[in-house]
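Here are my notes on this one, point by point. Have the model open while you read.

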Amino acid sequence: LNCILRDMENQAELEEKTRLINQVLELQHTLEDLSARVDAVKEENLKLKSENQVLGQYIENLMSASSVFQTTDTKGKRK
């Protein structure tokens, strides 16, 4: 009887260890997925920042080339 009880305890421990290992593996995969997503978002963010800089420079160039934005009259600046 003691042998059967020990076998049952060992089986329960093995099942618990297997469950914990599977949970750890699942969490590792989730972490890998999240890390990959963070890397992709960082890359997209850098791309968008670069595009914003190009657009900002383009707008500045358009404004400097336009006579509308080149007035030095202080009357036009009053609110």
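How many salt bridges does the structure hold? Let's take that one straight away, then work outwards.

1. **The salt bridge.** This is a predicted model, and the structure holds one salt bridge. The partners are E16 and R19, whose closest N and O atoms sit 2.8 Å apart. Both residues belong to helix α1, and three residues separate them, about one turn of the helix.

2. **How covered are the partners?** E16 has a relative accessible area of 35%, so it counts as partly exposed. R19 comes out at 44%, which makes R19 partly exposed as well. The cut-offs behind that call are 20% and 50%: buried means under the lower value, exposed means over the upper one, and partly exposed is what lies in between.

3. **Overall fold.** There isn't much secondary structure to list: the protein has one helix and zero strands. Of its 79 residues, 0% count as buried. The accessible surface adds up to about 7800 Å², with 58% of that belonging to carbon and sulfur atoms.

4. **The coiled-coil annotation.** UniProt, in an unreviewed entry, puts a "coiled-coil region" at residues 17–51. In the model that span is 100% helix and 0% strand, and its end C-alpha atoms are 51 Å apart. Please keep the source in mind here, since the annotation comes from an unreviewed UniProt entry.

5. **A negative patch.** D39, E43, E44 and E51 form a negative surface patch. Where does E51 lie? Its place is in helix α1, which runs over residues 2–65. E51 has 37% relative accessibility and therefore counts as partly exposed.

6. **A nonpolar patch.** Which residues make the nonpolar surface patch? They are Y58, I59, L62, M63, V68 and F69, and the patch covers about 620 Å². F69 is found in the segment after α1. Is F69 buried or exposed? With a relative accessible area of 52%, F69 is exposed, because the exposed class begins over 50%.

7. **What I'd look at on screen.** Start with the E16 and R19 pair, go on to the negative patch that includes E51, and finish at the nonpolar patch that includes F69.

Note on methods: Residues are numbered from 1 along each chain as its sequence is written. This is a predicted model: local features need pLDDT of at least 70, side-chain atom pairs count only at pLDDT 80 or more; totals for chains, interfaces and linings use all residues. Side-chain values use heavy atoms; hydrogens and water are left out. Patches are made of residues with over 30% relative accessible area and no salt bridge: like charges are joined within 9 Å, nonpolar side chains (Val, Leu, Ile, Met, Phe, Trp, Tyr) within 5 Å. Accessible areas come from the Shrake-Rupley method with a 1.4 Å probe; for residues, only the protein chains shown count as cover. A salt bridge is a side-chain nitrogen of Lys or Arg within 4 Å of a carboxyl oxygen of Asp or Glu. Lys and Arg count as positive and Asp and Glu as negative; His and the chain ends are not counted. The place of a charge is taken as NZ of Lys, CZ of Arg, CG of Asp or CD of Glu. Helices (H or I, at least four residues) and strands (E, at least two) are DSSP runs, numbered from the N terminus. Buried means under 20% relative accessible area, exposed over 50%, partly exposed in between (1.4 Å probe, protein chains only). UniProt positions are given in the numbering used here, feature names are shortened, and annotations may be inferred rather than shown by experiment.
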